[in-house]
Amino acid sequence: MLRGLKKLNRYEKRLLRIAKLGEKITKLKQVGFSRRTKEGFRFPIYSLEIGTEEGLKKNPVGITAGVHGLETIGIQILLDFLDYILHPKSTGYMTEFKKSKLGLVVLPMVNPGGVALKSRANPGGVDLMRNSGVEAVKALPFFGGHNFSSKLPYYRGHGLEPESRTVFRTVFDRFFHAKNAVIPILDVHSGFGTVDNVWWPYAYTKYPCPDTDLYLKIASYLKNQCGHIHFAYGPQSESYTTHGDLWDRIYDHYREVHSSEKNWSSKLLPITLEVGTWSDVKEEPMKIFSKKGIFRPAQSNKHETLTRYRGFLRDVVRLGLSEPKDWI
Ligand SMILES: [Zn+2]
């Protein structure tokens with residue numbers, strides 16, 4: 001049953017239009033395939049690269065969305081943002097890409113099969129945010145990831161799913177080699193809680209990650225200098241700990257790869273934006289009984305919801321203009 005197929009097609013068409021907007025500085029690529037559905041369908045996973053070769057090589061920044069197929073609000077926030085920064089007449093138009101100061105690599109729908117199936121998991125029933133193989137110290141039972149059955153939510157799977165491999169490969173190719181760079185990669189989700197959360201690693205342990213000081217400085221900058229005061233900033237484990245977070249594995253792998261290089265100064269900084277949509281429950285109490293309700297905002301304020309995050313995403317992308325020494 002591919003009840004979300006129309007929606008997926010709509011997002012893909014929009015992505016194509018956005019790619020055309022950027023003319024010479026955008027490149028739409030297929031970087032992978034989803035796991036096959038029971039019916040035998042596979043869905044392409046796209047990346048959109050924005051910027052010149054030089055900008056993409058020297059100062060790459062990443063944004064991903066649609067890791068969970070039900071969280072289409074995150075995909076729409078990202079597509080709206082791309083329009084906002086690429087349309088020459090937009091107030092948010094960013095000249096940094098043409099000038100080779102920044103490069104943006106976007107995976108707008110990591111889990112297209114989940115979007116088509118209207119499910120959080122991929123077509124194999126695996127929750128990609130439980131799939132990395134990282135073992136949590138004290139994960140929440142069940143919700144934190146399990147290996148009972150792919151028919152239950154939060155299933156970890158066995159080995160990396162094709163979608164997870166696509167994320168790892170893209171991040172490795174496009175972000176691991178940039179020198180003396182601050183490299184934020186923002187992953188947009190929706191659905192947890194009543195406030196918007198901005199999380200950094202780790203998800204698997206309450207032990208602070210090695211870049212905690214830097215993350216705290218960035219959080220303070222986003223809050224106090226940029227005015228994004230309505231977000232709750234902190235390590236993900238402050239909210240809950242889970243097995244298999246993709247970013248935990250990427251973050252640790254990056255540190256491992258560069259551990260023998262004494263003068264390696266670049267910082268790869270996964271950041272998760274979890275758009276809280278439970279606040280709408282007050283306005284539409286029936287939503288709590290609907291499966292998708294809590295992942296999607298009320299209709300009336302939908303446009304406002306999408307555009308509300310433009311400034312935040314823009315400021316996160318612009319972190320890529322800084323150098324590691326600016327934060328010391
Ligand atoms: Zn999610």
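How many of the residues of β3 are buried? Six of six, so to speak the whole strand. Before you select anything, two notes. Residue numbers start from 1 along each chain as its sequence is written. The model is predicted: local features need pLDDT of at least 70 and side-chain atom pairs count only at pLDDT 80 or more, while totals for chains, interfaces and linings use all residues.

**Stop 1: the whole chain.** Show everything as a cartoon. You should find nine helices and eight strands; these are DSSP runs numbered from the N terminus, with helices (H or I) of at least four residues and strands (E) of at least two. Of the 328 residues, 48% count as buried, meaning that 20 or more other C-beta atoms, placed from the backbone, lie within 10 Å of the residue's own. The C-alpha atoms fill a box of roughly 50 × 45 × 40 Å along the principal axes.

**Stop 2: β3.** Select residues 60–65. Both faces of this strand are covered: P60, G62 and T64 are buried on one side, and V61, I63 and A65 on the other.

**Stop 3: the strands beside β3.** Add β4 (103–107) and β5 (182–190). β3 and β4 are parallel and share five bridges, where pairing takes at least two DSSP bridges. Look for T64 with its bridge partner L107 in β4. β5 also runs parallel to β3, joined by four bridges, and here A65 stands opposite V188.

**Stop 4: the crossover.** Now bring in α3 (72–86). β3, α3 and β4 make a right-handed β-α-β unit: with the strands pointing away from you, the path from the first strand over the helix to the second runs clockwise.

**Stop 5: the core.** Pick L78 and L104, which have the most contacts inside the largest nonpolar core, a set of 80 residues. Such a core is made of buried Ala, Val, Leu, Ile, Met, Phe, Trp, Tyr and Cys residues joined through C-beta atoms within 7 Å. α3 gives the most to it, with ten residues. Beyond its neighbours within four places in sequence, L104 is in contact (C-beta atoms, placed from the backbone, within 7 Å) with I50, G51, V61, I63, F97 and V317.

**Stop 6: α9.** Follow V317 into α9, residues 310–318, where F312, L313, V316 and V317 are buried. Seen down the axis, the buried residues of α9 fall within an arc of 135° (from the directions of axis to C-beta atoms), so they line one face of the helix. What covers them includes β3, α3, β4, β5 and β8 (267–275).

Notes
Buried ≥ 20, exposed ≤ 12 C-beta atoms within 10 Å, placed from the backbone. Contact = placed C-beta atoms within 7 Å.
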